Amino acid sequence: MDAELGERATQGMRPWQEKLAQPHHMRTVEEFARFFDGLEPVEPGVVSVLRRRPEPTEVGTVHDLPRYAGPAKKA
């Protein structure tokens with residue numbers, strides 16, 4: 001995800017942040033990946049949630065979102 005998209009996502013979240021009971025923390029992929037320290041990554045690793053399952057989509061084009069997922073197992 002490029003810096004411009006990340007900034008736009010952050011700006012878009014501001015109105016939501018004011019209404020949420022618990023804050024939503026925007027993180028870079030590197031910041032998110034730290035939650036997996038000490039674990040063994042499993043394919044596809046830490047990726048945008050829309051790329052978690054690599055099968056092609058029949059509905060439009062997949063765009064990365066600033067939300068991440070990543071399977072891992074105990075090392």
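Here are a few short exercises on the predicted model above, each with a worked solution.

Some ground rules: residues are numbered from 1 along each chain as its sequence is written. In this predicted model, local features need pLDDT of at least 70, side-chain atom pairs count only at pLDDT 80 or more, and totals for chains, interfaces and linings use all residues, while side-chain values use heavy atoms, with hydrogens and water left out.

**Exercise 1.** Work out where Ser48 sits, whether Ser48 is buried or exposed, and what Ser48 touches.

*Solution.* Start with the element: Ser48 belongs to strand 2 (strands are DSSP runs of E, at least two residues, numbered from the N terminus). Next, the cover: Ser48 has 5% relative accessibility, so it counts as buried (under 20% relative accessible area; exposed is over 50%, partly exposed in between, with a 1.4 Å probe and protein chains only). Finally, leave aside neighbours within four places in sequence, and Ser48 is in contact with Asp64, Leu65, Arg67 and Tyr68 (heavy atoms within 4.5 Å).

**Exercise 2.** Place Val49 and classify its accessibility.

*Solution.* Val49 lies in the loop between strand 2 (47–48) and strand 3 (68–69). Its relative accessibility is 34%, so Val49 counts as partly exposed.

**Exercise 3.** Find the element that holds Lys74, then check its exposure and its C-alpha separation from Gly38.

*Solution.* Lys74 is in strand 4 (residues 72–74). With a relative accessible area of 75%, Lys74 is exposed. Lys74 and Gly38 are 36 residues apart along the chain, and their C-alpha atoms are separated by 7.4 Å.

**Exercise 4.** Which form does the peptide bond from Glu43 to Pro44 take, and where is Pro44?

*Solution.* Check omega: it is near 10°, and the bond is cis. Pro44 itself is in the loop between strand 1 (39–41) and strand 2.

Conventions. Helices (H or I, at least four residues) and strands (E, at least two) are DSSP runs, numbered from the N terminus.
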